[in-house]
Amino acid sequence: MKITDAKVIVTCPGRNFVTLKIYTDQGVTGIGDATLNGRELSVVSYLTDHVIPCLIGRDPRQIEDIWQYLYRGCYWRRGPVTMSAIAAVDTALWDIKAKMANMPLYQLLGGKSREGVMVYGHANGTDLSETVEEVGRYIDMGYKAIRAQSGVPGMASTYGVSNDKMYYEPADGNLPTENVWSTTKYLDYTPTLFAKLRETYGFDPHLMHDVHHRLTPIEAARLGKSLEPYRLFWMEDSTPAENQANFRLIRQHTVTPLAVGEIFNSIWDCKQLIEEQLIDYIRATVVHAGGITHLRRIADFAALHNVRTGCHGATDLSPVCMGASLHFNMWVPNFGVQEYMRHTPETDAVFPHDYRFENGNLIPGDTPGHGVDIDEKLAEKYPYQRAYLPVNRLEDGTLWHW
Ligand SMILES: O=C(O)C(=O)C[C@H](O)[C@H](O)CO
Ligand SMILES: [Mg+2]
């Protein structure tokens, strides 16, 4: 069996998505997500100019060998562009293998470990009362786990708060939008939000919160400590994680569970975090962390150290990534939760899929492969539009983490 061709499809049904489609001499095709928000075309070029020529003529069944060939063979290992490109190839090849086997992908990975994949939704509001109301709306929709993000008094805007409550997309500018950040205002306000949420809804719903990399380790420790009475499911990305040892400080001070890793692209980014049990959930996902082949390696390593998965699932990851992730989650023994921000109806129409939401879970279908397709004719109607993620400045103008 041979790979005969591959092509990259870029489409923007409201936001940009990059999809790799691989063709074989047996007529079976597979697709993989290669979207890297705000830097999409770098992965398009990496795939088109450098990866696709090396794929033609290879046996698509040799997934591991092709993974190693692209990882070791490029010499310049790791990095989000390389690993998103490898992920797209890997996902498409798993899709092909599962179609050849006439099985849904989770069966090939080892079969079901659970009946559904618990997902968390994104409740957000411009102020405390709107955020509390939004969390209630998610509870009414059946979510068992909900992330709460809120506008902070005295700050014009902050991460995670959208005008359109359901379909948040932070990459909103033809050039990067500039936001202003105040750690003091944020730290004073956030515990009051969670106090109100627990007072209103009790302790049944799992609540999470994304700090989005904005605190120093000691500030993160303070936030974790002040949130302890409200028993969060997790506090995410409380400080940037390039220096993994930073998490020791946070860990010493708080028992609030910690989640990190949506921007990680390899096992090396989380090796120390996992080995030293400095985190509780690893957020690496299929598209940015080298595909199913590499994510499985991360998850197995995490399992040794009691770290569970909590795959990234924002809307900048296409339904193709979501489909692959759901199959992965159905199997992975140390599953924690899956993020689920809903795609718009336009995006869902471009990427027909068989997964469904039921009682707070997403459930992959039984279509052979990962169960997600791309309607190429419809995709053509939505040409690429340049869009950047925002940047963040402190009130005195200093550039900060967004
Ligand atoms: O979903 C999350 O937890 C995020 O932090 C979303 C990110 O801001 C988004 O994926 C950036 O492209
Ligand atoms: Mg996040």
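**Sheet E6-E15-E16.** I started at strand E15, residues 391-394, which two bridges join to E16 in an antiparallel run. I note here that the model is predicted. Across that pairing I found arginine 393 opposite leucine 399 in E16. I then traced the whole sheet: it is open, has three strands in the order E6-E15-E16, and its pairing is mixed. Strand E6 (178-181) and strand E16 (399-400) form the edges. Each has a single partner strand, so one side of each has no neighbour in the sheet.

**Residues 128-257.** I looked up the annotation next. An unreviewed UniProt entry places the feature "domain: Mandelate racemase/muconate lactonizing enzyme C-terminal" on this span. I checked its secondary structure and got 40% helix and 14% strand. Its end C-alpha atoms lie 23 Å apart.

**Glycine 142.** Within that region I stopped at a loop. Glycine 142 sits there, between helix H5 (128-141) and strand E5 (145-150). Is glycine 142 buried, exposed or partly exposed? I read a relative accessibility of 26% for glycine 142, and because buried means under 20% and exposed over 50%, it counts as partly exposed. I also asked which residues it touches beyond four places in sequence. Glycine 142 is in contact with Phe357, Asn359 and Gly360. Asparagine 361 is 219 residues from glycine 142 in sequence, yet their C-alpha atoms are 8.7 Å apart.

**Glutamine 338.** I moved to strand E12, residues 335-339, where glutamine 338 is found. Its relative accessible area is 1%, so I logged glutamine 338 as buried. Which side chains make polar contacts with glutamine 338? I found serine 325 at 2.7 Å. I found asparagine 329 at 2.7 Å too. Setting aside neighbours within four places in sequence, I listed further contacts of glutamine 338, among them Val117, Met118, Val119 and Tyr120. The contact list also includes Cys311, His312 and Gly313, as well as Met322 and Leu326.

**Ligand 1.** I finished at the ligand. Which of the 15 residues around ligand 1 come nearest? They are Asn37, His212, Glu262, Asp316 and Glu339. I then took polar distances to oxygen atoms of ligand 1. A polar side-chain atom of histidine 212 lies 2.8 Å from one. For histidine 312, a contact residue of glutamine 338, the distance is 3.1 Å. For a side-chain N or O atom of aspartate 316, it is 2.8 Å. Last, I looked at cover: ligand 1 taken alone exposes 330 Å², and the protein buries 94% of that.

Methods:
Residues are numbered from 1 along each chain as its sequence is written. Chains are lettered from A and ligands numbered from 1 in the order in which they are written. This is a predicted model: local features need pLDDT of at least 70, side-chain atom pairs count only at pLDDT 80 or more; totals for chains, interfaces and linings use all residues. Side-chain values use heavy atoms; hydrogens and water are left out. UniProt positions are given in the numbering used here, feature names are shortened, and annotations may be inferred rather than shown by experiment. Helices (H or I, at least four residues) and strands (E, at least two) are DSSP runs, numbered from the N terminus. Buried means under 20% relative accessible area, exposed over 50%, partly exposed in between (1.4 Å probe, protein chains only). Contact means heavy atoms within 4.5 Å. Two strands pair if DSSP finds at least two bridges between them. A polar contact is a pair of N or O atoms within 3.5 Å; within protein, one must be able to donate a hydrogen and the other to accept it, and residues adjacent in sequence count only if both atoms are side-chain atoms. A residue is near a molecule or strand if one of its heavy atoms lies within 4 Å of it. Accessible areas come from the Shrake-Rupley method with a 1.4 Å probe; for residues, only the protein chains shown count as cover.
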